[in-house]
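Student: Please take me closely through one part of this model, the place where the two chains meet, and set the other contacts beside it. I would like the cut-offs stated along the way.

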Amino acid sequence: MTATREATPAREAGFDEVHILWISEGMSCDGDTVSVTACDQPSIEDVVTGVVPGLPTVHLHNKVLSPTLGGEEFLAPFRAAAEGELTPFILVIEGSIPNEKINGEGYWTSFGNDPQTGEPLTLNWWLDRLAPRAWATVAVGTCAAYGGIHAMAGNPTGSMGLADYLGWDYRSTGGLPIVNIPGCPVQPENFMETLTWVLYHAAGAAPPPPLDDQLRPQWLFGRTVHEGCDRAGYYEQGDFAADYNSPKCQVKIGCWGPVVNCNVPKRGWMRGVGGCPNVGGICIACTMPGFPDKFMPFMDMPPGASLSSVLIKPYGAFTRRLRGITNRTVNKEPKWRHNRDVLTSGYDPRYRR
Amino acid sequence: MTATDRAPAVEKPGQLIEMSWDPITRIVGNLGIYTKIDFPNQRVAECHSTSSLFRGYSVFMRGKDPRDAGFITSRICGICGDNHTTCSIYAQNMAYGIKTPPMAEWIINLGEAAEYIFDHTIFQDNLIFVDFCEAMVKDTNPSVLARAENTPAPHADVHGYRTIADIMRSFNPFEGETYKQALKVSRITREMFCLMEGRHVHPSTLYPGGVGTMPTPTLFTDYLSRLLQVLDFVKKSVALNDDVFDFFYEALPGYEEVGRRRVLLGCWGAFQDPAVVDYRYESMNAWGKAMYVTPGVVVDGRLVTTDLVDINLGMRILLGSSYYEDWVGEEPFVTHDPLGNPVDMRHPWNQTTLPAPGKRDFGDKYSWVMSPRWLHPETGEHLALDTGGGAYARLYTTALADIVDTPYVRSTGHSVQIHLPRSHQLPEQTLEWRIPLWSNAIERDRARVYFIAYACAMALYFLERAMAGLRRGDLKVFQDFEVPDAAIGVGFHEAVRGVLSHHLVIRDGMIANYHPYPPTPWNGSPRDRFGTPGPYEDAIQDMPLFEENGPDDFRGIDIMRAVRSFDPCLPCGVHMYLGGGRTLQQAHSPMFGASHG
């Protein structure tokens with residue numbers, strides 16, 4: 001990989017055109033592709049039709065949205081890239097990477113066929129050829145980033161995330177580590193925002209996107225669900241929902257929000273609408289490397305919450321009582337608002353004396 | 001062709017050329033279609049459909065807490081995952097012996113209605129209609145486009161496009177007006193969905209026993225105002241679709257044969273009526289019939305049953321061409337249903353999934369999809385039912401059953417009437433979907449847009465019922481429950497693409513067995529052990545071709561229209577590969593019976 005990087009000419013002015021080679025043939029549900037179509041800040045059509053100023057011309061090759069009829073017509077840019085005949089490209093992987101070493105003569109997933117033998121080509125075959133040539137590599141969704149639901153305990157396919165497969169120290173020809181945008185599915189705006197950052201970087205207009213040690217964009221995943229949750233006020237007052245009929249804090253009925261890096265409650269699901277614990281849906285931690293096994297059974301109280309919810313109780317109950325008193329006071333208008341014959345607001349009409 | 005009764009056409013000596021499309025684009029998941037094409041006779045001689053993805057939900061769900069099932073199974077699919085969550089909580093409700101509070105049922109119905117409107121819209125206008133857009137038709141049938149330029153659109157007064165070619169241009173990808181508008185509508189409708197189910201596509205607020213969504217005037221007003229924003233688009237879409245599809249019948253005589261197969265349809269019902277549903281197996285027939293989309297099996301235009309118990313007991317999961325070992329030697333989980341009826345070893349309740357990856361061999365095993373069939377109680381046939389992409393079978397069974405009767409949607413015994421109120425630009429409308437002459441590609445596609453209207457109309461009804469409940473102070477949305485040590489459950493629901501069932505077995509308080517059967521395993525199944533092809537294979541095999549391109553620049557548009565009419569969704573089930581429009585291999589061979597080389 002190092003050799004490839006050194007072989008790449010130094011880039012000064014940035015690229016005018018970029019191909020996005022999107023493979024969703026991992027252990028995936030295509031939910032991240034579908035999710036991305038929900039974003040309109042910016043929308044996928046904004047990026048593809050070039051209306052976002054300063055971005056390179058983007059050629060999107062995604063199975064679900066492809067205008068082609070499929071097959072070789074669709075695979076042509078992927079085959080060209082694998083031969084080193086198409087640069088630069090951003091490789092987007094959706095779905096976890098299965099272990100094809102445990103497979104005998106079979107395959108867990110494939111993407112097109114070997115033209116010579118007619119046998120299926122596995123995702124892993126493509127990764128081995130495309131990842132070393134990619135200008136940037138993006139893992140969309142928790143499956144591609146960390147393995148996700150299909151890497152659950154007891155799974156037959158030995159699935160893993162992209163960094164587990166390529167190595168956490170992988171660098172693309174553009175010098176970037178894998179860019180992980182976790183989420184199950186990815187929050188639409190989180191993906192498009194990160195993609196546009198990478199594209200601004202490709203255009204030479206921005207530095208590389210700032211990533212944390214789990215290779216997530218820092219500005220999106222730097223805070224916890226709880227820190228952005230509008231039900232956190234209930235938590236502070238020790239006021240917890242006993243079941244799902246309640247608008248209060250859900251930590252005792254399964255919410256993992258206090259320890260999960262995700263911005264959904266703060267941001268909403270799309271255009272500010274929807275969410276998770278902010279709208280009554282327990283956080284099952286679907287953006288996290290430990291998802292899902294470290295959070296199941298989902299509807300049970302997280303072990304840590306049993307302690308913290310007990311600790312907060314006396315303080316919370318006391319604070320809630322005091323706030324109740326103040327709340328009753330501030331729910332009353334001042335006494336000078338009336339319709340009597342005399343003004344009692346304290347105004348002194350000196351000029352009338 | 002086993003499942004269809006068409007007589008083989010009289011052929012010229014066949015020269016078969018292998019053509020395949022793998023992966024197929026503009027669908028969800030991995031699908032490959034492998035054909036042998038007889039160009040001198042303009043027909044498809046043979047077809048195999050294969051999916052090359054296996055993740056193993058039924059394997060890794062074993063031993064997990066049953067309450068997790070809705071959260072996990074949602075991840076089966078990135079476009080209809082909420083259908084799985086819904087179906088899973090239906091199955092869990094049965095197993096736990098609980099009933100969802102009425103307000104929660106209305107909220108789930110509203111969420112699922114928004115899912116239909118969203119999903120059918122994005123699939124119809126942004127995925128399928130690219131096959132009917134100007135750019136594509138110019139490429140595959142230039143003479144048809146020339147004719148379209150001079151054919152006035154009959155419903156121009158509704159949608160505003162003067163000619164058929166103008167409509168086709170509006171569907172050009174990323175540029176056409178309707179294409180771009182549909183993307184926006186798919187967002188507004190997903191916002192509607194998120195209001196009810198938290199987030200798309202994997203819901204956050206759905207639980208066994210109900211929902212966590214707070215019923216407030218704001219919730220329903222926000223949904224209603226968005227629904228009103230899309231009604232004009234929906235009315236125009238029906239008119240646009242009717243114009244284009246009627247034009248194809250007229251411009252290409254015989255086009256009704258594209259994607260045609262015998263009428264073999266399944267629909268498992270959608271939208272529960274909280275006044276009737278109690279989730280008990282024993283009363284499943286009653287509450288199944290009360291659903292606002294009637295469940296049923298239709299064979300050759302006749303409704304065989306509307307009873308979910310019959311539907312359940314008739315399910316058989318066959319192997320034959322799939323990468324699995326058989327489970328007949330395993331111990332059964334459920335020998336009898338709660339009514340005392342025997343349950344077959346090939347039934348999902350008794351299935352054990354034993355993956356056995358192997359090489360792809362079209363003469364033997366070639367797909368990760370199994371072959372679900374429905375055993376006809378009278379004829380003993382294992383029917384390869386299809387769902388017609390979902391909407392087609394839903395409208396068909398609902399029309400025939402003559403049960404649904406609401407102010408907005410009414411079944412007549414031969415049609416479904418859909419009433420939409422006045423919207424910003426267009427007056428009130430009553431649309432009528434009549435049972436078509438054929439089960440083919442065009443009618444599957446046409447039904448989809450009518451079902452969008454159906455879902456909008458039902459959503460208005462559900463809103464009225466929900467707001468009436470709200471005003472009475474009916475705010476309970478969740479019913480508490482205990483997970484039993486041992487129980488069974490089944491959920492029946494209509495995913496967007498059609499039949500969806502979840503079969504659950506609990507032992508020692510944990511999942512002992514869990515088998516989801518979404519629509520695509522039915523539609524995308526390979527040949528079963530009797531040699532019966534799956535519906536895609538059946539619909540494409542022996543299909544006539546109308547494309548003007550010859551073997552050298554053949555794109556396979558008619559085949560693609562046939563397969564996409566089923567709205568394939570392979571994460572839910574199963575992988576077409578065009579040899580670059582080039583021949584992979586030419587062979588002089590007899591018309592039928594040759595295997596892919």
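Tutor: What follows goes through the interface of chain B and chain A, then the domains of chain A, and then one residue of chain B. This is a predicted model, in which local features need pLDDT of at least 70 and side-chain atom pairs count only at pLDDT 80 or more, while totals for chains, interfaces and linings use all residues. Residues are numbered from 1 along each chain as its sequence is written, chains are lettered from A and ligands numbered from 1 in the order in which they are written, and side-chain values use heavy atoms, with hydrogens and water left out.

The size of an interface is often given as the accessible area lost when the parts come together. Between chain B and chain A about 6,500 Å² is buried, 60% of it on carbon and sulfur atoms; buried area here is the accessible area (1.4 Å probe) that two parts lose on being put together, summed over both. Of the area that chain B buries against chain A, B:F174, B:R187 and B:R199 supply 11%, more than any other three residues. In terms of contact, which means heavy atoms within 4.5 Å, chain B takes part with 85 residues and chain A with 81 residues.

Five salt bridges are found across the interface of chain B and chain A, a salt bridge being a side-chain nitrogen of Lys or Arg within 4 Å of a carboxyl oxygen of Asp or Glu. The side chain of B:R555 forms a salt bridge with that of A:E73, at 2.2 Å from N to O. The rule also finds 39 residue pairs in polar contact across this interface, both residues at pLDDT 80 or more; a polar contact is a pair of N or O atoms within 3.5 Å, where within protein one must be able to donate a hydrogen and the other to accept it, and residues adjacent in sequence count only if both atoms are side-chain atoms.

On the side of chain B that touches chain A, the elements giving two or more residues are helix 1 (57-60), helix 2 (69-74), helix 4 (102-128), helix 9 (177-197) and helix 17 (557-564) of chain B, where helices (H or I, at least four residues) and strands (E, at least two) are DSSP runs numbered from the N terminus. Helix 9 of chain B gives the most to this side, with eight residues.

Chain A is itself divided into domain 1 (17-220) and domain 2 (223-326), with bounds that come from an automatic or database domain assignment. The C-alpha centres of these two domains of chain A lie 32 Å apart, and their contact takes 25 residues from domain 1 and 18 residues from domain 2. About 1,700 Å² is buried between the two domains of chain A, of which carbon and sulfur atoms give 52%. There are three salt bridges between domain 1 and domain 2 of chain A, and the side chains of A:R267 and A:E193 meet in a salt bridge at 2.5 Å, N to O.

Lastly, B:R261 sits in the loop between helix 10 (217-251) and strand 6 (264-267) of chain B. B:R261 counts as buried because its relative accessibility is 3%, buried meaning under 20% relative accessible area, exposed over 50% and partly exposed in between (1.4 Å probe, protein chains only). The side chain of B:R261 makes a polar contact of 2.7 Å with the side chain of B:D538, and a polar atom of the B:R261 side chain lies 3.0 Å from the backbone oxygen of B:A384.
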